[in-house]
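Good morning, colleagues. Please bring up the sequence and the model on the screen, and I shall take you through a few places in turn.

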Amino acid sequence: MNKFVSRKAFFTSLTVIGIAVLTLSFYPKNDKLFDLAKNLDIFASLVRELDSYYVDEIDPNQLVTVGINAMLAELDPYTEFIPEEESDDFRVMTTGEYGGVGALIGNRLGRNMIMMPYEGFPAQVSGLKVADELLKVDTVNVIDKNTGDISKLLKGPANTEVNVVVKRGEDTLSVKLTRKKIVISNVPYHGMVEGETGYIKLSDFTTNAGQDVALALQDLKARGAKKIILDLRDNPGGILLEAVNVVNVFIPKGREVVKTIGKLDKVLSEYKTRSSPLDKEIPLVVMINERSASASEIVAGALQDYDRAVLVGRTSFGKGLVQSTIPLSYNSQVKLTTAKYYIPSGRCIQAIDYSIKDEDGNGSYVPDSLRQEFQTKNGRKVYDGAGIEPDIELSSRSFAPITYSLVTRSLVFSFVNEFALKHDSIARPREFEVSDELYTSFVDWLQDKEYDYTTRVEKTIEDLEKYAEREKYFEDIKEEIEKLKSSVSHSKEQELVTFKDEIKEALKDEIVSRYYYQKGILEAALDQDPEIESALQVFNDSELYASYLSPEK
């Protein structure tokens, strides 16, 4: 859009505001509508005068957008303005559908690369691989472009062609792709964990999430599953009705799943299961963590409220706010909070009160003393104001600083790039293991690489030294500090031995991803994830499982 058209559109919107001001100015001055009209008029006048008198040229679109975003930031993190140019990205996020080649693009080692081709879609079918460096998309050189721009170049109507030039190792390859409609599955993996226990990973709540879970459950039952783990960890949520559909897989028809309550009557809704469940008896464990949010919390909370599942993991995120998308002029939209979620026990899952903010503009957490008690169907005590709390609380897993350093510095990634160029295939994800011989090769490969790091203890000593100097105690304890430094000084060579198992695990995940993609990573994790092991332990004792669903427990 050229500058003239942009300004014309902008000043047209100011005219509309002016008409609104004239219309509303007849209301009494203590009326809320008058205050709204007055401030809109002030805002329009301010931007108009800035455009006329400010020493440099201004971009009205950019200036107003900044103002809108700053205004919405005063409310909550979920209320946001969506300009016309971002509408397609918003649609992809909510539906999981787009036209393209089916690949995740990222920047690693300072280069734009294919980070993950989706199995069965054009990028993977045409032979593109993880770590292929993107050089051109059609005639456009993309070496210095950001990943968002590259993603837009790759997207387009289904059945159209796009040519991609990539560098793989020392080779430069040209690959012609035919775009297609990409529908990302909400269940990237399901399979048998052990014995009679099936596992379903639900990663999103876009269109057909309920159907995806139902199909996965049907397949697992056909393969002999008599117990199910539903993994909602790291699931950010999505479409509300799909949360209802997922609950409906396990809960009878006609049961309330969630209510939405706001200040307008039209947002007051009650959502119930609408069909017969696929299985209302099969023992169920639901896994959640601090990144399980929104629709994930509705599913976990509803299943907990009906005592239909044992929840394992860590307290969920606590997003109980409902967003509605409202169209604005010039094809823009606003996604704004219109209500709160309330699950069957009557509790709200929202953890932060954004109406009360501190000096830094952060919302406040509900203090324990103000949290209200509710009851599940069986009479178990549950509480509002802090997300969904699991029945079995697990501590978060931590990794050694050396492992973190090797992964974040992309050394594991780079080593596996070389490995993948030399090996056409590996064993199945759950069968493949990083041998001692391969690990030794990795250690040898690291000899001339930089991966220094600071352990937590070393960081604590550094802080002690800093505060001692600031408070004039340093000379008194200098000798003791030097002794501490000497005794805890880490040896990279020794830590490569000490933390060999978890470094092997990181290598395995990266290697498996090159041959079996996202599905392979999830499958490989079944045998090395301590949280899944905790979920399995619940199933090993039927009396223990039942006890977690009883009021006494």
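Leu-522 touches Pro-188, Tyr-189 and Lys-201, leaving aside residues up to four places away in sequence. Leu-522 belongs to helix H16, which covers residues 500-525. Is Leu-522 buried or exposed? Its relative accessibility is 16%, and Leu-522 therefore counts as buried, the limit being under 20%. A further reference point is Asn-235: 287 residues separate Asn-235 from Leu-522 in sequence, while their C-alpha atoms are 14 Å apart in space.

I should state clearly that this is a predicted model. The mean pLDDT of the protein chain is 88, with 91% of the residues at 70 or more. Residues 1-27 need separate mention, as pLDDT stays under 50 over that stretch. The model has 29 contacts beyond four places in sequence for residues 1-27. Where pLDDT is low, the predicted coordinates should not be read in detail. I shall accordingly leave that segment aside.

Let me turn to the chain as a whole. The protein chain has 553 residues, of which 45% count as buried. It contains 18 helices and 23 strands. Along the principal axes, the C-alpha atoms fill a box of roughly 80 × 70 × 60 Å. Among contacts with a separation of 6 or more, 69% are made by residues 24 or more positions apart. The exposed surface of the protein chain comes to about 29600 Å², and carbon and sulfur atoms supply 52% of that area. As for charge, there are 68 positive and 89 negative charges, and the mean positions of the two sets are 5 Å apart.

Next, Ser-316. Where does Ser-316 sit? It is placed in the loop between strand S16 (310-313) and strand S17 (321-327). Ser-316 has a relative accessibility of 6% and so counts as buried. Beyond four places in sequence, Ser-316 touches several residues, including Ile-288, Asn-289, Glu-290, Ser-292 and Glu-297. Ala-386, Gly-387 and Ile-388 are also among the residues that Ser-316 touches. With Ile-388 there is a polar contact: a polar atom of the Ser-316 side chain lies 2.7 Å from the backbone nitrogen of Ile-388. The C-alpha atom of Arg-291, a residue 25 positions from Ser-316 along the chain, is 6.3 Å from that of Ser-316.

Two residues deserve attention for their backbone angles. Most residues other than glycine have a negative phi. Leu-109, however, is not a glycine and has a positive phi of about 60 degrees. Leu-109 is in the loop joining strand S3 (103-108) and strand S4 (111-117). Ser-410, likewise not a glycine, has a positive phi of about 60 degrees. Ser-410 is in the loop between helix H10 (401-408) and helix H11 (411-422). How do the two compare in accessibility? Leu-109 is partly exposed, at 37% relative accessibility, whereas Ser-410 is buried, with a relative accessible area of 6%.

Finally, helix H17, residues 530-540. Which residues of H17 are buried? They are Glu-531, Ile-532, Ser-534, Ala-535, Leu-536, Val-538 and Phe-539. At the start of H17, Asp-529 places a side-chain oxygen within 2.9 Å of the backbone nitrogen of Glu-531. Glu-531 thus appears twice here, in the list of buried residues and in the pairing with Asp-529.

Technical notes
Residues are numbered from 1 along each chain as its sequence is written. Side-chain values use heavy atoms; hydrogens and water are left out. pLDDT is the predictor's confidence in each residue, from 0 to 100. Contact means heavy atoms within 4.5 Å. Helices (H or I, at least four residues) and strands (E, at least two) are DSSP runs, numbered from the N terminus. Buried means under 20% relative accessible area, exposed over 50%, partly exposed in between (1.4 Å probe, protein chains only). Accessible areas come from the Shrake-Rupley method with a 1.4 Å probe; for residues, only the protein chains shown count as cover. Lys and Arg count as positive and Asp and Glu as negative; His and the chain ends are not counted. The place of a charge is taken as NZ of Lys, CZ of Arg, CG of Asp or CD of Glu. A polar contact is a pair of N or O atoms within 3.5 Å; within protein, one must be able to donate a hydrogen and the other to accept it, and residues adjacent in sequence count only if both atoms are side-chain atoms.
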